[in-house]
Amino acid sequence: MCRCFMVYIILCFCFVACDEVDNRAQVQEVSHFIPENATFILPSDPHIEYVGRISFANPDAPRFTYPGVSISALFEGTSLNMIAKPMSGFFMVRIDDNDPFKVAFANEQDSVITLASQLPDGIHEVFIMNCIESFLPVSEFRGFLLDQDCHLQAKERQYSLRLEFVGNSMTCGYGIESNNPSDTFSKETENHYYAYPALVSKGLNAQYVVVARSGIGVYRNYGGPVEGSVDCLPNLYDYTLYGDTTEVWDFSRYIPDIVCVNLGTNDCVLEGYSIHLLKDAFVKFSQKLRSIYPDAKIIWMTGCMLHGKPLEDLQSVLDEVVQESKTAGDKCMYRFDFTPQTGDLGYAAGWHPSRQQHERMADELISFMRTIVNG
């Protein structure tokens with residue numbers, strides 16, 4: 001199929017995800033092989049499948065900020081190297097049906113990382129996911145290196161559903177690789193690959209897109225003033241990249257069958273929120289989503305981190321919003337509540353849901369979604 005000359009260059013470090021009790025990705029030393037006379041594959045190659053909010057302002061340097069953005073392709077040969085802008089962050093990688101692992105473009109020298117070497121000569125599949133919130137700096141993909149004379153192949157996969165997840169830190173997978181609730185935020189312990197949106201999508205054979213940010217609210221971000229935060233999620237929803245209002249997202253690029261909204265936790269978790277402003281924000285956002293996606297089913301959810309009065313207030317507001325929408329004739333609005341976490345499955349960093357809690361959340365949401373898909 002293609003000729004390959006492999007030469008050993010250097011030993012490098014990459015992060016390999018494992019299933020140890022503490023859920024933390026471990027550092028493992030691996031051999032770094034580079035194919036001599038490698039074939040350079042531009043990011044604009046039509047055989048690369050991109051999913052997520054991605055800026056193609058420069059087609060050969062696509063940029064993205066949200067977790068869950070994925071890059072996949074079928075490639076010929078025995079090796080694969082990924083090129084990215086240094087400091088582009090952390091990615092989960094899966095080659096064929098092998099176990100996933102994590103790689104990091106984590107310093108100014110990282111620009112090429114070996115994803116696979118010494119594979120059986122043939123056609124292989126690579127799946128790459130941005131597994132963190134990559135806002136500072138913005139992630140930028142710059143292509144692949146294949147064996148000499150090798151190329152990408154056409155990739156076809158049929159999905160049962162198209163989903164969109166709008167949310168906060170739970171949607172992002174905040175701290176999921178830590179089992180210490182006293183830990184603060186760290187890119188090293190965030191991993192969307194194990195968060196409930198990824199698990200739900202896998203369980204339903206669905207394609208999905210994420211628009212989420214830790215600490216964000218529907219009207220008031222975490223610790224924000226009672227009157228609300230200018231940079232709440234609805235105000236940023238129209239843009240391709242988080243925090244960048246220079247590029248408006250083209251909603252025709254991805255039209256979901258179901259939109260799952262998990263907002264309100266950051267609005268309500270601290271005292272000082274306004275029920276009136278909270279409801280008004282949900283009403284306006286529901287109208288906005290319906291105007292963009294007239295045929296989508298929209299699920300308004302409460303997460304697993306609230307308890308007591310804040311949870312009751314959020315549930316009451318969402319119940320009212322959905323009921324009023326249905327009364328007005330919109331029969332495709334739905335309500336769903338995740339079971340509040342109790343600690344029986346442990347906690348991740350910052351008292352966020354653990355990896356095991358995310359698995360429970362995914363199971364609950366899959367069951368609910370099957371009722372509205374098949375109903």
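This report describes the overall build of a predicted protein model and then turns to several individual residues.

## Overall architecture

The protein chain of this predicted model is built from 7 helices and 21 strands. A compact globule of 375 residues would be expected to have a radius of gyration near 21 Å, and because the protein chain has 21 Å, the two agree. Taken along the principal axes, the box filled by the C-alpha atoms of the protein chain is roughly 65 × 40 × 40 Å.

Buried residues account for 56% of the 375 residues in the protein chain. Among contacts in the protein chain with a separation of 6 or more, 75% are made by residues 24 or more positions apart.

## Surface and charge

The protein chain has an accessible surface of about 15700 Å², and carbon and sulfur atoms contribute 52% of that surface. The protein chain carries 28 positive and 48 negative charges, and the mean positions of these two sets are 5 Å apart.

## Confidence of the prediction

The mean pLDDT of the protein chain is 91, and 90% of its residues reach 70 or more. Over residues 3-21, however, the pLDDT is below 50, although this stretch has 66 contacts in the model beyond near neighbours in sequence. The pLDDT is also below 50 over residues 25-32, a stretch with 33 contacts in the model beyond near neighbours in sequence.

## A buried strand residue, M82

M82 belongs to strand β8, which covers residues 80-84. With a relative accessible area of 1%, M82 falls under the 20% limit and therefore counts as buried. Leaving aside neighbours within four places in sequence, M82 is in contact with F91, F105, S111, V112, I113, L115, I128, F141, G143 and F144. As for a residue remote in sequence, M82 and I292 are 210 residues apart along the chain, and their C-alpha atoms are 35 Å apart in space.

## The loop between β12 and β13

P137 is found in the loop between β12 and β13, and the peptide bond leading from L136 to P137 is cis, with omega near -5°. V138 is in this loop as well, with β12 spanning 122-130 and β13 spanning 139-146.

When neighbours within four places in sequence are left aside, the contacts of V138 are with R63, F64, T65 and S88. V138 and D231 are 93 residues apart along the chain, and a distance of 18 Å separates their C-alpha atoms.

## Helix α2 and the loop holding Y159

S201 is placed in helix α2, which runs over residues 196-203. The relative accessible area of S201 is 3%, which is under 20%, so S201 is buried. Not counting residues up to four places away in sequence, S201 touches L163, F165, A206 and Y208.

Y159 lies in the loop between β14 and β15, the latter covering 161-167. Y159 has a relative accessible area of 25% and is partly exposed, because this value lies between the 20% and 50% limits. Beyond residues up to four places away in sequence, Y159 touches E49, N205, A206 and Q207; A206 is thus a residue touched by both S201 and Y159. Y159 and N221 are 62 residues apart in sequence, while their C-alpha to C-alpha distance is 34 Å.

## Positive phi values in loops

D149 has a phi near 65°, a positive value in a residue other than glycine. The loop holding D149 lies between β13 and β14, with β14 covering 152-153, and at 37% relative accessibility D149 counts as partly exposed.

W351 likewise has a phi near 65°, again a positive value in a residue other than glycine. The place of W351 is in the loop between β21 (333-337) and α7 (355-374). At 49% relative accessibility W351 counts as partly exposed, because exposure requires a value over 50%.

## An exposed helix residue, K309

K309 lies in helix α6, which extends over residues 308-327. The relative accessibility of K309 is 54%, which is over 50%, so K309 counts as exposed. K309 and Q341 are 32 residues apart along the chain, and their C-alpha atoms are separated by 15 Å.

Terms used:
Residues numbered from 1 in each chain as written. Predicted model: local features only at pLDDT ≥ 70, side-chain atom pairs only at ≥ 80, totals over all residues. Heavy atoms only, no water. Helix = DSSP H or I, 4+ residues; strand = E, 2+ residues; numbered from the N terminus. Rg over C-alpha atoms; globule rule 2.2 N^0.38 Å. Buried < 20%, exposed > 50% of the residue type's maximum accessible area, 1.4 Å probe, protein only. Contact = heavy atoms within 4.5 Å. Areas by Shrake-Rupley, 256 points an atom, 1.4 Å probe, with all protein chains shown as cover. Lys, Arg positive; Asp, Glu negative; His and termini not counted. Charge placed at Lys NZ, Arg CZ, Asp CG, Glu CD. pLDDT = per-residue confidence, 0-100.
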